[in-house]
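The following exchange examines how terms applied to a structure rest on their definitions.

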Amino acid sequence: MDGRVLAVMEPYFSNYFYNPSSPYAPAVTVRRRYEEAKHSLAKNIGSKPDEIVITAGATESINLAFGAVSGHVVTANIEHHAVLSAANSHDNTIVSADLHGLIAVELIKAAIRPDTQLVSIALANNELGTIQPIREIAHLIKQERQTRLLAGNQTPIYLHTDASQGVGQIDCNVARLGVDMMTLNAGKIYGPKQVGLLWAASHVKLVPQIVGGGQERGLRSGTENVAGTIGFAKALDLASEHRKYESDRLQKLRDDLQTKLTDTFPEAVVSGHPKHRLAGHLHISFPNIDAERMVFVLEARGVLVATGSACAANKGTRSHVLTAIGLSDEVADGSLRLTLGHLSDEENINQASQIIIEEVKREYARTNR
Amino acid sequence: MTKVYVGMSGGVDSSLTAALLVERGYDVTGVYMKNWTQDMPGMRCPWADDLADAKRVAVQLGIDFKVFDFENDYKQKVVDYMIDEYRNGRTPNPDIMCNQEVKFKLFLDTALEDGADMIATGHYAKVKDGVLLQAADTNKDQTYFLYRVTGEALTKTLFPLGDFTKPEVREMAMQRGLYTAAKKDSQGICFVGKIGIREFLSQYVDQKPGSVIDKNTGKVLGQHDGAIFYTLGQRHGLDVGGGLPYYVVGKDMDKNEVYVTTDLNDGALWKTDIKLSNVHWINNTPAAGNYQIRVRHRAKLVQADLSYEADGVRLKLANTERAVTPGQSVVIYDDAVCLGGGIVI
């Protein structure tokens, strides 16, 4: 977590621990700070504060978004488990991404039926970093709405995007993206875990998934996560402020790293879209290398990397995303996800690339002995 | 170079086992045996962390690492056996069955087939020329769980921890900086996990109310939810409340009745004469005579006179032993040598 984020949160764990719903003055101050944080969040995504529901993270936001509809939904085979699981409780069509993890607008168009109520596509894929053509999809949804209007079909259709993965590096202004709902997560931008938001345009009728005291306009009951929301607001502020600079900086570092690794290991496979890809993201596979072994070897030398997908790795199964884009088993199992961020600089990325090169060479030597 | 496959569970014992073998110059491969676990839909697999720990240590040691999937065999030979035994009113010991059927049969065979010359595990026991000996750490000695292994399997087995005490093992793991050096020991039956045997069993057998009966008076004291859940000598969990504590002294599975007493000296609780069936000897069948026996893991060794009967073995004890429970194993020793044993009728 960013130290500046932690600093703004601290008072709300100590002197300002009051429940924002309490009537006395210090609690009213807490309420005001909470509302200010929501204003700040709203400003950074170009929305109104009362279109935002604070949740306990992206998974909850996604559940809330899917809970808004009962009919047919469309999503893609490389989406996060949270989306795929939520889609599973609806009549659904799952479109296939291409080998770069890109979701073609035409496929979505073909999947939309007269009774489709929700299309949900992440702004950027969490494993591959591929950035999806959300604006084009939004345009498609607008056309579909027109068509329905003319045909007298009153079924609403929404576009939801989980922008958690992209918000540090991509403009997430809801009007410019053209979406109807957007999920964000504080943890992905150096904010606290268990805090997220769902933005929903005023024409979307959300259905509360957690009922109780009626907080968040009745859409998400439970005492407000004051410190978390204030931290989230600060984190999003910082992310928005440094977005352009940070994105350019990371892209250069990432490209350097990628070149070094692929020059040394011509057999390495880089996945994700060559152009439309998150700046700080490198998904690279070393065929026939056991990626999990590499995680353990590298962590011992201070280089922390993920395999294909952290969640999938925990289940001891192959990532559904890598299978979806058609990676063979021996390539998928050798996949490392290298992510760069605030702490990355030329020096430590150079070091990291040296260590990765040494260890991958050593592992190839060990297995070919 | 002798090629050894080490069963690595992700605990400190098997981690050090692998480390010691590497140091002693063996060509070592770590193997995680994937045994049966109950899948809770949508939940994180409980074994994933153990597998990752085992693999981490293998990586630390620079050795090969494999996963052997024994789920189906384990379910049939250990889990189903255990449930059946409970159904028949006995109290089985699945760890003994796991060693007999999985670790020292299936694992051994699979490893040999895969190119290994020997296997090794982190058991606290010693082996010499196919003879099973008690571990140096008498408090930790695990020969009780190993008495159904064959002598032939033991000729292909290494137990590097047999010479050390548990504190020494931790210390040596620390010195070597093994990732699992400070990891807590696992407790209980692995596949039952945290839920406990009662809850585990109730998923496989119907709960069926029956009477809790005072053995001496014949009086019905209360109700239970299935005789299967009760075991000899058990005190807690009897819903008969008030007065002196009651102990289970018997049960009738057909009638679904549990018999209890407040008499701590009840004959059913104390035995000097034990009959064993399904007797297994690791090597040769020993002559009748005086030996030492152990009625449960870590129990003190006691003197017994062994004689053979048509359907098994009879043990006459010098002193009484408490709660010698049908289905449990009694293991027989000749000083340091674990000869074998059998299952209490």
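Q: What distance separates the centres of domain 1 of chain B and domain 2 of chain B?
A: The centres, taken over C-alpha atoms, are 37 Å apart. The model is predicted, with local features requiring pLDDT of at least 70 and side-chain atom pairs pLDDT 80 or more, whereas totals for chains, interfaces and linings use all residues. Residues are numbered from 1 along each chain as its sequence is written, and chains are lettered from A and ligands numbered from 1 in the order in which they are written.

Q: What makes 3-195 and 206-261 domains of chain B?
A: Domain bounds come from an automatic or database domain assignment, and for chain B that assignment gives domain 1 (3-195), domain 2 (206-261) and domain 3 (267-344).

Q: How many residues of domain 1 of chain B are in contact with domain 2 of chain B?
A: Five residues of domain 1 of chain B contact five of domain 2 of chain B, where contact requires C-beta atoms, placed from the backbone, to lie within 7 Å.

Q: Why are α2(A) and α8(A) called roughly parallel?
A: Helix α2 (residues 25-45) of chain A and helix α8 (residues 226-264) of chain A pack at about 30°. Angles under 35 degrees count as roughly parallel, and α2(A) and α8(A) are therefore described in that way.

Q: Which residues of α2(A) make the contact with α8(A)?
A: Among them are A:Val30, A:Arg33 and A:Tyr34 of α2(A).

Q: How many residues of domain 1 of chain A are in contact with domain 2 of chain A?
A: In chain A, 22 residues of domain 1 are in contact with 23 residues of domain 2.

Notes. Two residues are in contact if their C-beta atoms, placed from the backbone, lie within 7 Å. Axes are lines fitted to C-alpha atoms, for helices over the stretch in contact, and angles run from 0 to 180 degrees between N-to-C directions. Helices (H or I, at least four residues) and strands (E, at least two) are DSSP runs, numbered from the N terminus. Angles under 35 degrees count as roughly parallel, over 145 as roughly antiparallel, 65 to 115 as roughly perpendicular and the rest as oblique.
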